[in-house]
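Hi,

Here is the model I promised to pass on. Have a look at it first, and my notes on the helix packing follow underneath.

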Amino acid sequence: MFSELLMNRVLISGLIGWASAQTLKTIIYALVNRRIDLSRLLGDGGMPSAHSSTVVSVAVAVAFESGLASPVFALAAIFAFITMHDASGVRLETGKQAKAINEIFLMLSDMDDKIATPEEKLKELVGHTKLQVLMGGLLGFLVTTLSYMIVQT
């Protein structure tokens, strides 16, 4: 049963798309911030979007496996579109709101130490800019297309 999972090229493509984006995101973060933060390997937000890379990898793999006219490709493509739209829409706005709330709590606690602040800050890096989504989608397309060109069945 586990060996069947390892033979599922659509699943493997999605995982490779995700891992590629997370690795690249960690490297880019280290170059920009001049410090290594290994939490970026599993973290949300940042360049490129792992959400986009994963869903585009899956959609491209489905296209190779089932064809562009297949209902399964239609589902994968719609799923990718919704995920990418959400990553640069609702999730991006959620991150902006979290940042504003964190700043309000910090300002209030500076003004009056009796004001209780949350033990943990709200997570601010949850969404993506349009460029991050686009680059993630491009990465997913490229890694999956290359893998299908290299390993032809």
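A word on handedness before the helices: a crossing counts as right-handed if the near helix is turned clockwise from the far one by less than a right angle, and left-handed if anticlockwise. This is a predicted model, so local features need pLDDT of at least 70 and side-chain atom pairs count only at pLDDT 80 or more, while totals for chains, interfaces and linings use all residues. Residues are numbered from 1 along each chain as its sequence is written, and side-chain values use heavy atoms, with hydrogens and water left out.

Helices here are DSSP runs (H or I, at least four residues), numbered from the N terminus.

First pair: α2 (residues 9-33) packs on α3 (residues 50-66) at about 150°, with the axes 8 Å apart. Axes are lines fitted to C-alpha atoms over the stretch in contact, and angles run from 0 to 180 degrees between N-to-C directions. That angle makes α2 roughly antiparallel to α3 (the term covers angles over 145 degrees). Their crossing is right-handed. On the α2 side the contact (heavy atoms within 4.5 Å) includes Gly14, Gly17, Trp18 and Ala21, and on the α3 side Ser53, Ser57, Val58 and Ala61 are among the residues involved. By class, the contact of α2 with α3 splits into 7 nonpolar, 7 polar and 3 charged residues. Ala, Val, Leu, Ile, Met, Phe, Trp, Tyr, Cys and Pro count as nonpolar, Asp, Glu, Lys and Arg as charged, and the others, Gly among them, as polar.

Second pair: α4 (residues 71-88) and α6 (residues 130-150) also pack at about 150°, axes 8 Å apart, and are therefore roughly antiparallel. α4 passes α6 in a right-handed crossing. Here Met84, Ala87 and Ser88 of α4 meet Lys130, Val133 and Gly137 of α6.

Now the inside. The largest nonpolar core (buried nonpolar residues, Pro not included, joined through side-chain atoms within 4.5 Å) has 7 residues: Val55, Val56, Val60, Ala80, Met84, Ala87 and Val133. Both α3 and α4 give two or more residues to this core. Leaving aside neighbours within four places in sequence, Val56 contacts Ala80, Met84, Gly137, Gly140 and Phe141.

One more residue to click on is Thr144, in α6. Thr144 is buried, with a relative accessible area of 1% (buried is under 20%, with a 1.4 Å probe and protein chains only). Not counting residues up to four places away in sequence, Thr144 touches Ser13, Ser57, Val60 and Ala61.

Cheers

Note on methods:
Parallel < 35°, antiparallel > 145°, perpendicular 65-115°, else oblique. Buried < 20%, exposed > 50% of the residue type's maximum accessible area, 1.4 Å probe, protein only.
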